[in-house]
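Consider how the copies in a model may be related to one another, and then how a single helix may be set into its surroundings. The paragraphs below take these two topics in turn.

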Protein chains: 2
Amino acid sequence: MKNMIGIFDSGIGGLTVVKQVFKYLPEYEIIYLGDTGRFPYSTKPLENKINFSLQDAEFLIKQDAKILIIACNTITSFAGQKIRKKSSIPVFDVVSSGAYGASKITKNNRVGLIGSRDTINSDIYKLYLKNINPEIKLFPRAAQLFIYLVEENYIDYPETTQIVKNYLEPFKKDNIDTLVLGCTHFPYLKKEIKKAVGKRINLIDPAEELVLQLKEYLNNHTKTENKLARGRNHKFFVSGDVDNFQKSAKKIFSIDLKNVSRLVWDNEN
Amino acid sequence: MKNMIGIFDSGIGGLTVVKQVFKYLPEYEIIYLGDTGRFPYSTKPLENKINFSLQDAEFLIKQDAKILIIACNTITSFAGQKIRKKSSIPVFDVVSSGAYGASKITKNNRVGLIGSRDTINSDIYKLYLKNINPEIKLFPRAAQLFIYLVEENYIDYPETTQIVKNYLEPFKKDNIDTLVLGCTHFPYLKKEIKKAVGKRINLIDPAEELVLQLKEYLNNHTKTENKLARGRNHKFFVSGDVDNFQKSAKKIFSIDLKNVSRLVWDNEN
């Protein structure tokens, strides 16, 4: 029996959370599921994407995850509460962590948010922030193209800097003091984003916030912490092409992934 | 019984072929399948994407298509031959048409090609061109980011012009006289592409070539032509979200789609 930290996403973006775990909690073993065979969830009808997400969580719990991390803002938006209800283990998600991180650091209670179209349309950050501090005013903006620029590794180009600037320009008049990078791909554009919004704006990386909160949680829950598997035998599962996943992980996230297996869903044709 | 022209793609890109049909063959009724629920095929293992494509073709034939159009370069690359073998009706595909169109117009037998990463890696254009004219030398380059720029409708920006220029710069030293736009999204960047490669280069839009060839075919096969349904009751099926599809069709392709139904695959969960 292995008591691992389970992390999942519909694709490869969740690897940014993996990188933060490797950085802040390097002693623990993780199991990752990237449901790349059904990526992107965004084009699927709502009932399907909820089912997919519940299946993902269930798979990791069956594989003996003892902590569950939803490493995708969009999945959290439509399935976060449902997964929490169904899971008997602690569940962490990037939206809660991102919202919490922003609420702690903002001084003027004016917080910007960029994310995928789905995350922005879902209003999930607004909902979470309202629960934490109803005084905070959120300024959300979709920045779907940023995801593709990262996926294509088209980062160190003046055009990218300019595109980021164009998308973030409207934040200037909002007088925000904090900006949440509400998509796991966005930390890879941190330099460009900082340049666009100015240095005085705090950037919140929900993946980093999440792992720091998990670290605190483990400090306070030594019984759970003691049970967790230690070591480097991390396991990766993808429902799509394995080779593709390894190559993109290397190219985009500079992670060399060994031990990647193909997961075949029961109802796959 | 309706004898329609059947057109399919894994997503929305095939609508560029639909637009060409509306332009050059406006009297005929079409049936379109966008397998958006399983888009993109590119991340799926090969056996799955082949099966998906065969299912797509079969669905249209069962719906009484009398002509079949594979409106996607990538699908043609891995399933074109298999679909032809299994189908008893005439099959047209964008790669054959694009290759044929290029072979007719090139004077110096040096032809450039841009496409999705999958299309380029498949070498399908090389294979088809070799069959048509082994003298033609092909210069292929992946331009995946172009697809996303079109999907995000990020077109009329100087950055887009510059990105297109950067990707196409290497063609300058190849001395091509013809460039095939080997992805259904690319005609939407025609202006930028023309600017980047220069006016003397012929641009081949495979969707347009295909429909012109189909027109010629129908002129020469009056028995088939006579059977085809006339009218404006076009039918659209998508396996993903209907509303999403209609909105994107409107935004990207400026087509107002009525009569869009959701197709639920048997084995869908």
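Copies are superposed here by least squares on the C-alpha atoms of residues with pLDDT of at least 70 in both. On that basis, a rotation of 180 degrees with 0.0 Å of shift along its axis brings chain A onto chain B, with an RMSD of 0.0 Å, which is the relation of a two-fold axis. Within chain A, the C-alpha nearest this axis belongs to A:Glu159, at 2.5 Å from it. The same surface serves both copies, in that 100% of the contact residues of chain A (contact meaning heavy atoms within 4.5 Å) recur in chain B.

This is a predicted model, in which local features need pLDDT of at least 70 and side-chain atom pairs count only at pLDDT 80 or more, whereas totals for chains, interfaces and linings use all residues. Residues are numbered from 1 along each chain as its sequence is written, chains are lettered from A in the order in which they are written, and side-chain values use heavy atoms, with hydrogens and water left out.

In chain B, helix α12 (residues 242-253; helices being DSSP runs of H or I with at least four residues, strands runs of E with at least two, numbered from the N terminus) has twelve residues and spans 16 Å from its first C-alpha to its last. Its buried residues (under 20% relative accessible area, 1.4 Å probe, protein chains only) are B:Phe245, B:Ala249, B:Ile252 and B:Phe253. They lie on the same side of α12(B) because they cover an arc of only 95 degrees around the axis, taken from the directions from the helix axis to the C-beta atoms. Among the elements of chain B that cover them are α1 (15-24), β2 (30-34) and α7 (144-151). Just after α12(B), B:Ser254 takes a positive phi of about 55 degrees.

How values were computed. Expected span 1.5 Å × (residues − 1). Buried < 20%, exposed > 50% of the residue type's maximum accessible area, 1.4 Å probe, protein only.
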